[in-house]
Structures are given as C-alpha cells and as structure tokens.
Amino acid sequence: MGIKMKICSWNINSIRLREAQVLRLLRDECPDVICFQECKSLVENIPQKSFYDLGYSHMAARGQKSYNGVAIFSKIPISKEFSIDFADLGQARHIAVCLENGFTIHNFYVPAGGDEPNMETNLKFAQKINFLNAMKDWFLSNIPKKAILVGDLNIAPDENDVWDHKKLLKVVSHTPMEIDKLLEVKKSGDWIDVFRKNKPNGKLYSWWSYRSKDWSLADKGRRLDHIWVTSDLKEMNFKNSVLRDVRGWDKPSDHAPIISVLG
DNA sequence: ATGGTAGGTCTCCTA
C-alpha cells in the first residue's frame with residue numbers, strides 16, 4: 001500500500017456564501033480531497049477558481065438552484081466520475097469519483113426527512129427511507145471495493161451520536177426506523193464507520209443547530225456526518241477528527257467539517 | 001408544548 005490520503009467532508013450550507021471559510025479550511029488542513037454537501041448552487045456558479053489556485057484542480061459536482069448540491073475537489077487526478085439519482089428524486093444528492101490512486105469516493109447528501117417520522121403523512125420522510133433503500137440496493141448490486149463513502153447522512157445512529165438518546169427517539173435523524181435503514185446500507189456495502197471504529201464509546205457530534213444560542217455550551221449536537229470505508233481497507237490506520245472550532249467561526253455552517261487521514 | 005436561526009428562487013420553501 002503505502003498510500004496516505006487525507007479526506008474531508010463538510011456540509012457547507014451554501015458554498016458561495018462560505019467561499020472564504022472554505023479557503024481558510026483548505027489552507028489550515030490541506031486535505032487531499034474535500035467533499036461538500038448542500039452547496040445550494042448550480043455547478044457553474046461554484047467559486048472553483050480560488051480552490052483551483054490552492055491546488056484543487058480536479059472537481060466533480062452536481063448542482064441545483066437553492067437546494068442540495070454535492071461537490072468533490074481533489075488534488076489527486078480524477079479518472080472517472082458518475083452520479084446516481086437514488087429513489088428518482090431528481091435532486092443533486094450524490095457524486096462519485098474514481099481517483100488515479102485507485103480509490104473510489106462516494107459523496108452523499110441524504111434527505112433530511114422533514115419533521116414527522118411517518119411515511120404515510122410526511123412525503124419527505126418517505127423520500128428519505130426510499131433513498132436509503134435505493135442506496136442499499138445499489139451497493140448490493142455494485143459491490144464497492146477500495147471505496148470511501150462520506151457525507152451528510154442526516155442520521156445519528158448510535159446512542160452516543162446524540163446529546164440525549166431518549167429525548168431524540170422520536171426526532172427525525174435518530175428514530176429506530178431510520179437507524180435500521182442506515183445499518184442496512186452499511187451492511188450492503190460491507191462498510192466500516194471509521195469514527196466509531198476508533199472511538200466505540202463517548203459522545204461524537206458534527207452538527208449543532210443554528211437555533212440554539214451558546215451552541216457550544218449547551219452542546220446539544222448530533223453526529224449526522226460520516227466517513228465509511230469498505231472492509232478491504234480495514235487494515236489501514238485512520239486518524240479522525242471533527243473540526244468543532246470551525247463551527248465557531250464567523251458566519252459558520254451549522255455542520256463542522258470531519259476529517260480522516262487514511263494511511 | 002413551543003420557538004428558536006440561517007440560506008436562497010427571499011412574505012415562502014428547506015434545513
């Protein structure tokens with residue numbers, strides 16, 4: 001092997017509004033690859049030149065006006081890109097690349113699912129479940145190898161992925177049904193959750209609501225953002241971090257960037 | 001039980 005790769009995933013909540021924060025992160029952390037969700041931009045309006053100037057000369061993206069949007073910027077050349085319209089929602093929620101170093105990267109923005117965890121009365125929740133089912137089906141018939149899956153999966157699966165497990169059991173992002181579906185997706189591609197591999201116990205969050213003042217003091221977070229790798233990479237080492245400080249920058253995204261160094 | 005904040009196609013939708 002001998003390959004070392006630093007990968008970052010960040011729900012940016014408007015890539016145009018937060019260009020300066022992205023540049024600061026890229027200068028501070030120098031990831032080889034960075035994956036964004038919620039770009040909220042057409043691809044042609046992504047401010048890619050300033051990212052190119054820092055060495056991120058390879059981009060793959062899917063865009064929409066105002067909603068969703070995913071992008072991958074890489075220092076490593078991209079040999080192939082593709083995207084799947086899971087559950088036929090017609091929304092920009094997935095982009096994947098094969099890199100020249102042999103790794104495949106999937107970048108996902110799973111539907112948030114609305115407020116009510118009920119498939120009959122809430123179309124957005126039904127779409128979230130359908131999206132997860134489609135992910136599972138796709139990985140069952142397109143077996144991923146030497147692959148990394150990152151993104152805002154909008155589900156906090158473990159008790160320690162939320163600030164209060166019991167209080168959040170009926171809150172979309174932590175309901176048993178969503179968690180079961182996410183675990184099915186994980187099983188379908190034989191994926192490993194690298195953050196929980198290294199830290200099986202203890203609280204881990206990547207998102208804090210804009211609606212809470214003193215978000216850091218209250219610390220009512222959830223781990224909605226994830227980095228998974230296929231089991232053929234399980235012998236690699238993973239150095240993981242949630243860049244919580246970034247959530248405290250001026251004009252922040254409500255998500256912190258998450259990073260894993262694979263080596 | 002409620003309301004709180006933020007971004008974009010901005011008095012309405014999404015998160």
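Which elements are included in what covers the buried residues of α1? In this predicted model, the cover over the buried residues of α1 includes the strands β1 (5-11) and β2 (33-37), together with the helices α2 and α7 (244-247). The helix itself spans residues 19-29, and its buried residues are Gln21, Val22, Leu23, Leu25 and Leu26. After α1 comes Cys30, which has a positive phi, near 45°.

The nonpolar interior was examined next. The largest nonpolar core has 27 residues, among which Ile7, Val33, Ile105, Ile148 and Val229 touch the most other members. Strand β6 (residues 94-99) is the element that gives the most to this core, contributing three residues. Apart from its neighbours within four places in sequence, Ile105 is in contact with Ile7, Val33, Cys35, Ile72, Ile95, Ala96, Val97, Leu99 and Ile148. A second core, separate from that one, consists of 23 residues, including Leu23, Leu243, Val246 and Ile259. In soluble globular proteins, nonpolar side chains tend to be buried together.

His106 is located in strand β7 (residues 104-109), and with a relative accessibility of 2% this histidine counts as buried. When residues up to four places away in sequence are not counted, His106 touches Phe82, His94, Ile95, Ala96, Trp138, Phe139, Ile148, Leu149, Val150 and Trp191. With one of these residues, His94, the contact is also polar, the side chains of His106 and His94 approaching to 3.0 Å. Leu89, by comparison, lies in the loop between β5 (78-82) and β6, where, leaving aside neighbours within four places in sequence, Leu89 is in contact with Pro111, Gln127 and Phe131. The C-alpha atoms of Leu89 and Val110 are 11 Å apart in space, although 21 residues separate the two in sequence.

Charged pairs form a further part of the description. The count of salt bridges comes to 14. Side chains of opposite charge can pair when their charged atoms come close. One such pair is formed by Asp53 and Lys49, whose closest N and O atoms are 2.8 Å apart. Because Asp53 and Lys49 are four residues apart in helix α2 (residues 48-53), about one helical turn separates them. Both partners are exposed, Asp53 with a relative accessible area of 55% and Lys49 with one of 59%. Another pair within a helix joins Glu184 to Lys181, with 3.9 Å between the closest N and O atoms; these residues lie three places apart in helix α4, about one turn of the helix. Here Glu184 is partly exposed, with a relative accessible area of 32%, whereas Lys181 counts as buried at 17% relative accessibility.

Salt bridges that share partners also join Asp158, Asp161, Asp193, Arg196 and Arg223 into one network. Within this group, Arg223 forms a salt bridge with Asp158, the closest N and O atoms lying 3.9 Å apart. This pair links distant parts of the chain, 65 residues apart, since Arg223 is in the loop between α6 (215-218) and β10 (225-230) and Asp158 is in the loop between β8 (147-152) and α4 (176-188). Arg223 counts as buried, with a relative accessibility of 2%, while Asp158 counts as partly exposed at 29%.

The surroundings of the nucleic acid were then considered. DNA strand B is surrounded by 17 residues, of which the closest are Ser14, Leu17, Lys65, Ser66 and Arg211. By class, the surface near the strand comprises nine charged, five nonpolar and three polar residues. Among the atoms of DNA strand B within 4 Å of the protein, 61% belong to sugar or phosphate, and the rest belong to bases. Polar approaches to the phosphates include one from the side chain of Arg18, an N or O atom of which is 3.3 Å from a phosphate oxygen of DNA strand B. A polar backbone atom of Ser66 is 3.4 Å from a phosphate oxygen of the strand. Arg211, in turn, approaches a base, with an N or O atom of its side chain 2.5 Å from a base nitrogen of DNA strand B.

Terms used. Residues are numbered from 1 along each chain as its sequence is written. Chains are lettered from A and ligands numbered from 1 in the order in which they are written. This is a predicted model: local features need pLDDT of at least 70, side-chain atom pairs count only at pLDDT 80 or more; totals for chains, interfaces and linings use all residues. Side-chain values use heavy atoms; hydrogens and water are left out. A residue is near a molecule or strand if one of its heavy atoms lies within 4 Å of it. A polar contact is a pair of N or O atoms within 3.5 Å; within protein, one must be able to donate a hydrogen and the other to accept it, and residues adjacent in sequence count only if both atoms are side-chain atoms. Ala, Val, Leu, Ile, Met, Phe, Trp, Tyr, Cys and Pro count as nonpolar, Asp, Glu, Lys and Arg as charged, and the others, Gly among them, as polar. A salt bridge is a side-chain nitrogen of Lys or Arg within 4 Å of a carboxyl oxygen of Asp or Glu. Helices (H or I, at least four residues) and strands (E, at least two) are DSSP runs, numbered from the N terminus. Buried means under 20% relative accessible area, exposed over 50%, partly exposed in between (1.4 Å probe, protein chains only). Contact means heavy atoms within 4.5 Å. A nonpolar core is a set of buried Ala, Val, Leu, Ile, Met, Phe, Trp, Tyr and Cys residues joined through side-chain atoms within 4.5 Å.
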